[in-house]
Amino acid sequence: MIEITPVLDSKNGEPLYLQLANFIKQEILSGRIKPKEKLPSKRNLSNYLALSLNTIQSAYDQLCAEGYVESQPRKGLFVATFDNYIIFNQKNLEKMDSKSKQVEVNAKVDFNSGKVDLEHFPYSTWRKLTIQSLYEDQGELFNIGNPQGELLLREEIAAHLYASRGVRCSAEQIIIGAGTQVLIGLLCMLIGKEHIFALENPGYHRTRTTLQDLGVNTVPIPLDKDGIRINELKNTNANVVYVTPSHQFPYGMIMPISRRMDLLKWAEERNGYIIEDDYDGEYRYKGKPIPSLQGLSTKESVVYLGTFSKSLIPSIRISYMVLPSSMLIKYQEHFAIYKQTVSRLHQDTLFRFMKEGFWQSHLNKMKTLYRKKQSTLMLAINNYLGQKVNIIGEKSGLHIVLEVKNNMVEEELINTAMNVGVKVYPLSIYYSGTTSVGSRILLGFGGLTETEIITGIKLLKEAWKV
């Protein structure tokens, strides 16, 4: 039974059945009770709320009369499905207008940068390996494991990183965690909250929020065409810097080797650390691969972060970091008390997936697939939007930034796109402080089919009148 827990007041003059009906109505409108969801039976809800059956019946009759629920014979009451189902976005996560509720309709095409292609995920193989993990380990995986994560998986990750990204490490240097934010929190404690952390501006907002919530002093550093500006960085008191050099988030530039060497020199002079977040470094469409900062470093000044969210599936929540040897000693002495945050079953399944060659095969297939999608997106933009837009950051990754030459600001671009059923995303949330980004928005394409990409760009041409 779905949980319905209204606060009813028998003294306010409004009948209880109307109070209950209005409460359920608001739960439906807010999205907390979903379309097609079954409501509790009259008897169950009567017992749960200690109300009479007549009160429940009257409330349900009112909801039926207003069209919020539908009765299905011998099955029960179900929430109606509306043609344009309204969602009130009360949290306003996209920073558009915090004083008013946002109204959106279901999107036909969602250019969400956090989504990946799930249609080509090897479900049957993953299911088979999960079953093997359960049965072959005789339940051992149900116990608490190593706080750094499963050793066998860490060994596979170390081998993969050396072959693909030039990262030089042993399994002992790797710590697995449930997402980048979890690892950033642990890393903050390892490095020390008294240090000043420099961040790309614009940059990954979840890292910035995590550090600021932990009470860390952060300083924003602007970018140029090659990434973070080293001269600007030198003018601060920061001795830790967080960067996304292989595919800057969100602008997408790839940091050239000369800038990487300058950044490593800065870390050596400051006796500081570079946090290198290589969140989707596998996907590159132009140019030759550049070794990771960690692989280039000779002074062990780089902490390398990676994730399986983009290359496998986001919900698996398996990320990892590679610690320098000196930091590893501090971790083992003071922070191994923190238990591992990722399911041992998922870790073991991923180990088998990598060991038996399925991972490399899947990665190769996804590289080809995303290259085709990126090519489709570029062609569609060229055909339908032409010279009316500029494309930024198209050489790698699963998103681009689009600058639209129609005099609309970010909010107008987003709202007019939504009016035709296309969801695009703000760039401004990735900036520190209030910054005008003009006519720029973010488009992710990993989770869309090629047909959806073309449809979405056609609709954007209509919405933006370009």
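Trainee: Leaving aside neighbours within four places in sequence, which residues is Phe308 in contact with?
Mentor: Good place to start, and keep in mind that this is a predicted model. Contact here takes heavy atoms within 4.5 Å. With neighbours within four places in sequence left out, the residues touching Phe308 are Ile157, Ile313, Ile316, Ile318, Tyr320, Leu350, Met354 and Trp359.

Trainee: How many residues does the largest nonpolar core have?
Mentor: Phe308 is a helpful guide, being listed with Phe111, Leu312, Leu402, Val424 and Trp464 as the residues with the most contacts inside that core. The size of this largest nonpolar core is 62 residues.

Trainee: Which helix gives the most to this core?
Mentor: The contribution to look for is nine residues. They come from the helix spanning residues 358-384, namely α13.

Trainee: And how many residues are in the other core, apart from that one?
Mentor: Look for Ile221, Leu427, Ile429 and Tyr431, which are among its members. This separate core has 30 residues.

Trainee: Back to Tyr320: are the residues on the two faces of strand β13 buried or exposed?
Mentor: Take each side of β13 (residues 319-322) in turn. One side carries Ser319 and Met321, and the other carries Tyr320 and Val322. Both faces are covered, and these four residues are all buried.

Trainee: Which residue in β13 is the bridge partner of Tyr304?
Mentor: Strand β12 (residues 302-307) pairs with β13 in the antiparallel sense over four bridges. On the β6 side, residues 174-177 also run antiparallel to β13, again with four bridges, and there Ile174 stands opposite Val322. For Tyr304, the partner in β13 is likewise Val322.

Trainee: Which residue in β8 is the bridge partner of Glu200?
Mentor: Strands β7 (residues 196-201) and β8 (residues 217-224) run parallel and are joined by six bridges. The chain gets from one to the other through helix α7 (residues 205-213), in a right-handed β-α-β crossover. Within this pairing, Glu200 is matched with Ile221.

Trainee: What is the bridge partner of Asp224 in β9?
Mentor: Here β8 runs antiparallel to β9 (residues 227-228), with two bridges between them. A hairpin of two residues makes the connection. The partner of Asp224 is Gly227.

Trainee: Where is the pLDDT below 50?
Mentor: Overall, the chain averages 89, and 94% of the residues score at least 70. One stretch falls below 50, although it has 41 contacts in the model beyond near neighbours in sequence. Where pLDDT is low, the predicted coordinates should not be read in detail. The stretch in question is residues 84-104.

Conventions. Residues numbered from 1 in each chain as written. Predicted model: local features only at pLDDT ≥ 70, side-chain atom pairs only at ≥ 80, totals over all residues. Heavy atoms only, no water. Pairing = 2+ DSSP bridges. Right-handed = clockwise from strand over helix to strand, strands pointing away. pLDDT = per-residue confidence, 0-100. Core = buried A, V, L, I, M, F, W, Y, C linked by side-chain atoms within 4.5 Å. Buried < 20%, exposed > 50% of the residue type's maximum accessible area, 1.4 Å probe, protein only.
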